[in-house]
Amino acid sequence: SFHRVAATTAATQSATSLNVFGKKKESEDLSSIESRDLTREEMLAINAKNEEIMNMELQMMTGFSLVLSLPILYLCWVAFFSD
């Protein structure tokens with residue numbers, strides 16, 4: 001990341017309100033937030049990790065729904081097969 005020196009042209013600086021509020025701001029150094037595109041290998045690694053996480057979440061959701069359905073299945077068993 002290269003840094004550019006802000007060229008300040010200091011001409012006649014008068015203290016009028018127009019000059020104070022219409023002054024150009026010096027160019028900020030935004031090199032710290034530069035981004036780049038991910039390479040194909042990085043994307044494949046991220047996709048593999050996300051797929052593992054999604055499969056684990058799917059298994060946990062299935063197990064949780066089965067656990068929640070156990071009392072209902074028990075109540076149906078009691079209702080239909082009790083004497």
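Start by selecting R36: this residue is exposed, with a relative accessible area of 56%. Keep in mind as you click around that the model is predicted. Now add E42 to the selection and show both side chains, since R36 and E42 meet in a salt bridge, 3.0 Å from N to O. In general, side chains of opposite charge can pair when their charged atoms come close. How exposed is E42? E42 is partly exposed, because its relative accessible area of 29% falls between the 20% and 50% cut-offs. If you feel like hunting for other salt bridges, save yourself the trouble: a search of the whole structure turns up 1.

Next, go to S31. You'll find S31 in the loop that runs between α1 (17-21) and α2 (40-81). Is S31 buried or exposed? S31 counts as buried, because its relative accessibility is 16% and the cut-off for buried is under 20%. Show D29 as well, and look between the two side chains: S31 and D29 make a polar contact there, at 3.2 Å.

Time to zoom out and colour by secondary structure. The protein has 2 helices and 0 strands. Switch to a surface view and you're looking at about 8600 Å² of exposed area, 63% of it supplied by carbon and sulfur atoms. Colour by burial instead, and buried residues come to 1% of the 83 residues in the protein.

With the surface still on, select Y74, L75, W77, V78, F80 and F81. Together these residues form a nonpolar patch on the surface, with about 770 Å² of accessible area. Pick out Y74 from that group: Y74 lies in helix α2 and is exposed, with a relative accessible area of 53%.

Stay with the patch, but hide the surface and show W77 and F81 as sticks. How many aromatic pairs are there? The count comes to 1 aromatic pair. The rings of W77 and F81 have their centres 4.9 Å apart and their planes at 45°, so this pair is tilted. Why are W77 and F81 separated by about one helical turn? Because these two residues sit 4 residues apart in helix α2. Bring the surface back for a last look at the pair: W77 is exposed, and F81 is exposed too.

Technical notes
Residues numbered from 1 in each chain as written. Predicted model: local features only at pLDDT ≥ 70, side-chain atom pairs only at ≥ 80, totals over all residues. Heavy atoms only, no water. Buried < 20%, exposed > 50% of the residue type's maximum accessible area, 1.4 Å probe, protein only. Polar contact = N/O pair within 3.5 Å; in protein donor to acceptor, adjacent residues only side chain to side chain. Patch = residues over 30% accessible without salt bridge, like charges linked within 9 Å, V, L, I, M, F, W, Y side chains within 5 Å. Areas by Shrake-Rupley, 256 points an atom, 1.4 Å probe, with all protein chains shown as cover. Salt bridge = Lys/Arg side-chain N within 4 Å of Asp/Glu carboxyl O. Phe/Tyr/Trp six-rings, centres within 6.5 Å; stacked < 30°, edge-to-face > 60°.
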